[in-house]
Amino acid sequence: MAAPTHPAVHRGGMIGLVIGALGVVFGDIGTSPLYAMQTVFSLDGHAVKPTHSDVYGVISLVFWSVTIIVSIKYVAFVLRADNDGEGGVMALAALARRFAHDSKRLVGFALFLGVLGASLFYGDSVITPAISVLSAVEGIQIASPGLANAVLPIGIVIVALLFVVQRFGTHAVGRFFGPVMIVWFLTLAVTGIPEIVRRPAILRALSPTYIVAFVVDHPYLAFIALGAVVLSITGAEALYADMGHFGRAPIRRAWFFLVFPCLTINYLGQGALILHSPSSIGSPFFLLAPHWARIPLVVLATLATVIASQAVISGAYSVSRQANRLGFLPNLTVRHTSQRESGQIYVPAVNWLLFVSVLVLILAFRTSSRLATLYGFAVTGTFLIDTTLFLVVAAVMWKWSRWRLGAIAVLFGVAELAYFAANVTKILKGGWLPLLIAAALSTVMLTWQLGRRIVTRRRIELEGPLQEFVDDLQARNLTRVPGTAVFPHPTKDTTPLALRANVEYNQVLHEHVVLVSVLVENVPYVPPEERITVDELNYADDGVVHVEFKFGFQDEQDLPAMLRKAVGHSHELEFDPEQAYYFLSRLTIQPGTADGMAGWRKRLFIGLTHNAANPAAAFNLPVDRTVVMGAHLDL
């Protein structure tokens with residue numbers, strides 16, 4: 001979830017970018033053949049039968065689902081909507097907000113969809129590692145039935161190792177991912193081709209007429225099958241979410257020249273195998289391979305599913321940081337795991353929350369086929385949200401005509417609504433879980449945004465106007481003490497509480513007073529020459545100056561580093577930043593009787609503030625030169 005315009009990205013040539021995209025972008029959708037066909041034929045007590053009409057109908061559904069949703073919607077259309085090179089549902093919502101700023105209602109709608117889409121992505125981030133790893137390890141019992149009892153323990157160990165190594169970052173193993181996925185996709189083709197050669201009639205399943213026949217002859221079965229066919233397009237949103245890491249062109253080339261053909265060949269091969277040997281519906285993917293190759297295939301599949309899991313875990317980190325920068329989550333501890341790539345981050349709180357959630361899912365559901373019942377809502381919900389936001393962007397940014405918007409809405413919306421409706425049947429069988437996760441996270445994010453607005457309004461009342469305060473300083477004969485005091489503060493409109501308290505109670509002012517505000521733009525990165533703005537606050541020689549630092553939502557907010565760059569931008573910024581002291585204003589918030597939030601939401605917001613990351617750590621402030629001064633506020 002990244003940016004072509006960033007200097008640390010896109011250093012390599014096109015081939016390197018294509019290989020990198022194969023290792024990150026396509027892990028999730030690339031491992032769908034492991035469980036998609038198997039799940040289709042196991043739903044509702046094997047309601048879909050391994051007959052000619054059912055198999056051809058399912059293969060046609062899979063092929064055209066991948067074609068319409070992935071090839072046409074995401075690759076041809078949605079990839080065009082980049083937020084300064086960045087993709088993903090939060091970036092798409094930010095784009096809509098930027099170009100629809102004249103309509104508060106439309107902006108609010110777009111941001112709400114962004115929050116909901118991010119919440120659904122978290123649900124996907126919990127399910128994907130569990131189902132991907134288990135589906136790969138389950139191949140062991142196909143190759144060696146005596147090891148069936150080892151599947152669960154091995155899966156748990158792999159998942160545990162996956163989350164433990166997150167703190168070391170993906171930069172070391174990232175170079176390994178691309179070649180592994182090339183081998184994986186070529187293996188998909190190699191295992192599928194022999195069955196197609198033996199039974200070439202399966203190629204007729206590429207015709208959409210078999211979808212029509214399937215729906216007309218077996219409408220209920222087709223509806224049930226849709227709920228599992230959607231597994232073949234899980235990970236499609238990653239094509240857009242990870243666009244910034246590699247760019248539009250490498251993703252398109254990797255998709256059309258390798259990924260799409262190999263996926264199609266493998267699905268056709270599985271269909272041919274099922275027609276020839278109906279008993280293979282239990283595990284058609286692994287049964288495509290000769291017996292001697294199944295253990296190596298299990299190992300390769302496990303590597304591929306770990307890569308797929310890594311993609312959504314890293315995406316969860318990125319979504320969390322973007323949500324925080326856009327005001328929907330409190331400050332989180334973010335650790336950068338690469339000296340060169342700012343997008344490679346580790347968020348401990350998100351990592352361990354995901355690990356516990358994935359572990360609970362594995363222990364509760366125990367098999368990939370049972371976990372498949374959870375899939376659907378998060379994926380199809382994200383598709384619908386992306387389509388809606390894309391239409392908003394197309395209307396306000398590209399000024400598309402109504403007939404064009406309507407055509408796109410019908411082409412994608414009808415198919416995605418059908419997928420979504422088909423997954424309604426899974427609610428009572430476990431499909432409620434991703435909905436619960438999304439509802440809980442949406443509530444948290446919207447509560448934080450509302451509470452933050454209320455607290456900001458009350459805080460402004462306590463702080464008072466900054467310019468009036470500075471004017472008042474000129475009329476007072478305050479003692480100036482040596483040194484530099486830096487006051488991080490959200491805006492230059494009001495006075496930092498720490499500064500006001502220092503003046504009112506200590507009756508002194510430092511020789512250099514620097515008020516620092518951080519502005520997070522709705523773009524991934526801000527060019528260095530546009531990051532620093534200095535305001536002398538109407539007095540050029542009083543030693544009080546305001547500095548605004550602009551960051552993109554992917555930039556690291558390192559205030560000491562930015563202060564070092566700001567020195568010399570004004571004659572009032574001539575000081576040694578290594579000797580500066582930082583004064584933070586900390587509010588103690590308690591539930592009050594004021595209207596604006598329900599009591600339970602007030603308690604939730606206060607709980608979130610207690611668990612928020614230390615702002616000193618968020619801004620990378622030196623611990624030995626940071627002073628915290630507090631105040632009380634009733635919510």
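Start by selecting I59, V62, F63, V66, F260, L263, T264, Y267 and L268, which line the second largest cavity. A cavity here is a set of points, on a 1 Å grid over the protein atoms alone, where a 1.4 Å probe fits but cannot get out, and lining residues have an atom within 4 Å of a point. This one holds about 60 Å³ of space, counted as the space filled by probe spheres set on the points.

Before you go on: this is a predicted model, where local features need pLDDT of at least 70, side-chain atom pairs count only at pLDDT 80 or more, and totals for chains, interfaces and linings use all residues. Numbering runs from 1 along each chain as its sequence is written, and side-chain values use heavy atoms, without hydrogens and water.

Now colour helix 5 (52–77) and helix 15 (248–276); each supplies at least two residues of that lining. Helices are DSSP runs of H or I with at least four residues, strands are E runs of at least two, and both are numbered from the N terminus. Which helix gives the most to the lining? Helix 15 does, with five residues. By type, the lining has eight nonpolar residues, one polar and no charged.

Stay on helix 15 and pick W255, then F26 in the loop between helix 1 (14–24) and helix 2 (27–30); the pair ties together parts 229 residues apart in sequence. Their ring centres are 6.1 Å apart and their planes are at 20 degrees, so the pair is stacked (centres within 6.5 Å make a pair; planes under 30 degrees apart count as stacked, over 60 as edge-to-face, the rest as tilted).

Next stop, the sheet. Its six strands form an open sheet in the order 5-6-4-3-7-8, with mixed pairing (strands pair if DSSP finds at least two bridges between them). The edge strands are strand 5 (532–535) and strand 8 (626–634). Zoom in on strand 7 (residues 581–590), which runs parallel to strand 8 over nine bridges; I589 stands opposite L633 there.

Finally, show helix 25 (residues 559–566), which packs on the sheet and touches strands 3, 4, 5, 6 and 7, contact meaning heavy atoms within 4.5 Å.

Methods:
Axes are lines fitted to C-alpha atoms, for helices over the stretch in contact, and angles run from 0 to 180 degrees between N-to-C directions. On a 1 Å grid over the protein atoms alone, a cavity is a set of points where a 1.4 Å probe fits but cannot get out, and a pocket is an open set with protein on both sides within 12 Å along at least five of seven lines; lining residues have an atom within 4 Å of a point. Ala, Val, Leu, Ile, Met, Phe, Trp, Tyr, Cys and Pro count as nonpolar, Asp, Glu, Lys and Arg as charged, and the others, Gly among them, as polar. Rings of Phe, Tyr and Trp (its six-membered ring) pair if their centres lie within 6.5 Å; planes under 30 degrees apart count as stacked, over 60 as edge-to-face and the rest as tilted.
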